[in-house]
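Visitor: I'm new to this one and would like a close look at a single part. Could you take me to the metal site and show me what sits around it?

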Amino acid sequence: MPIIAPSVLSADFAHLEQDLQMINRSEADWLHVDVMDGVFVPNISFGFPLMAPMRKYCTKPLDVHLMIVHPEKYVERFCDAGAWSVGFHLEAVDDPIPVLDLIKAKNVRTCLTINPDIDPTRLLPYLHQVDMILLMSVFAGFGGQKFIPETMDKIRFIRSEIDRRGLSTLIEIDGGVNTGNAHALFEAGADALVAGSAVFGSENPELTIHQMKS
Ligand code: DX5
Ligand code: ZN
């Protein structure tokens, strides 16, 4: 089943409850939660204070994407704040294993992610140790960027490795996803697609989510 995770980064924070109710009504599977620290990426989004209202008003699982340095300092707090899955960047840590262990100890799903300039072969040692791989299809930091086409080959590469080893690790794609490329991304082997501006910038977000899934 194709999974769609609208990114709350593109929501209207003045009317967050309304936007979350739209997500609840829609066929969206998860809510993607983009946390940026202004150090790992050149932008700051939001942090813990928004987790509570999102948990309160959103009935869909919270798929937390940490774009921060030192994720080991904060992953447990995001788990405690109600994250359904917690992902962090491979290039932000020396060794991802201890950070994955902190998340696993909280019984929360793990996700390892890489920016477009990171060699996807660096993910191979961890495919069996995570619930999900998140391949960035734009450079992390901002919504509304253009999809990087080279992502397609990376999806096929990681898909073939996951299948060859008989793993159930999911592949999520994040950045520049829209109704025009969603089908091709699922075809290439993606399980889950994040979409921010394409959903919240749409005149009919629920229809857009529906179209991406079908
Ligand atoms: C970018 C974030 C994305 C972003 C996607 O750093 O990780 O999740 O919200 O936004 P769109 O779909 O507009 O590219
Ligand atoms: Zn994201």
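Guide: Here is a walk around the metal site and the ligand that shares some of its residues. Keep in mind that this is a predicted model.

Let's start with the metal itself. The zinc ion (ligand 2) is held by His32 through NE2, Asp34 through OD, His65 through ND1 and Asp174 through OD, at 2.0 to 2.3 Å. The site has six donor atoms, with angles of 69 to 169° among them, and it is octahedral. For comparison, ideal angles for six octahedral donors are 90 or 180 degrees.

Now look at where those residues fall along the chain. The donor residues follow the spacing H-x1-D-x30-H-x108-D. His32 belongs to strand β2 (residues 31–36) and Asp174 to strand β7 (residues 170–174), so this pair ties together parts that are 142 residues apart in sequence. Both of these residues, His32 and Asp174, are buried.

Next comes ligand 1. Around it you'll find 20 residues, and the closest are Asp34, Gly141, Asp174, Gly196 and Ser197. You've already met two of those names, since Asp34 and Asp174 also coordinate the zinc ion (ligand 2). Glycine backbones come up here too: a backbone N or O atom of Gly141 lies 2.7 Å from an oxygen atom of ligand 1. Gly144 also places a backbone N or O atom 2.8 Å from an oxygen atom of ligand 1. As for Gly196, one of its polar backbone atoms is 2.7 Å from an oxygen atom of ligand 1.

Finally, let's follow β2, the strand that holds His32, to a helix. Strand β2 is among the elements covering the buried residues of α1, and the others include β1 (3–6), α2 (48–57), α7 (197–200) and α8 (205–213). Ser197, one of the residues closest to ligand 1, falls within that α7 stretch. Helix α1 spans residues 16–25, and its buried residues are Leu16, Asp19, Leu20, Met22 and Ile23. They cover an arc of only 150° around the axis, which puts them on the same side of α1. That fits a simple rule: an α-helix has 3.6 residues a turn, so residues three or four places apart point the same way. Turn to the face of α1 that looks away from the buried side, and you'll see the exposed residues Gln18 and Arg25.

Note on methods
Residues are numbered from 1 along each chain as its sequence is written. Chains are lettered from A and ligands numbered from 1 in the order in which they are written. This is a predicted model: local features need pLDDT of at least 70, side-chain atom pairs count only at pLDDT 80 or more; totals for chains, interfaces and linings use all residues. Side-chain values use heavy atoms; hydrogens and water are left out. Donors are N, O and S atoms within 2.8 Å of the metal (3.2 Å for Na, K and Ca); water is not among the atoms, so sites may look incomplete. Four donors count as tetrahedral if all angles lie between 85 and 135 degrees; four count as square planar and six as octahedral if opposite donors are over 155 degrees apart and all others between 65 and 115; anything else is irregular. Helices (H or I, at least four residues) and strands (E, at least two) are DSSP runs, numbered from the N terminus. Buried means under 20% relative accessible area, exposed over 50%, partly exposed in between (1.4 Å probe, protein chains only). A residue is near a molecule or strand if one of its heavy atoms lies within 4 Å of it. A polar contact is a pair of N or O atoms within 3.5 Å; within protein, one must be able to donate a hydrogen and the other to accept it, and residues adjacent in sequence count only if both atoms are side-chain atoms. The arc is that of the directions from the helix axis to the C-beta atoms. Contact means heavy atoms within 4.5 Å.
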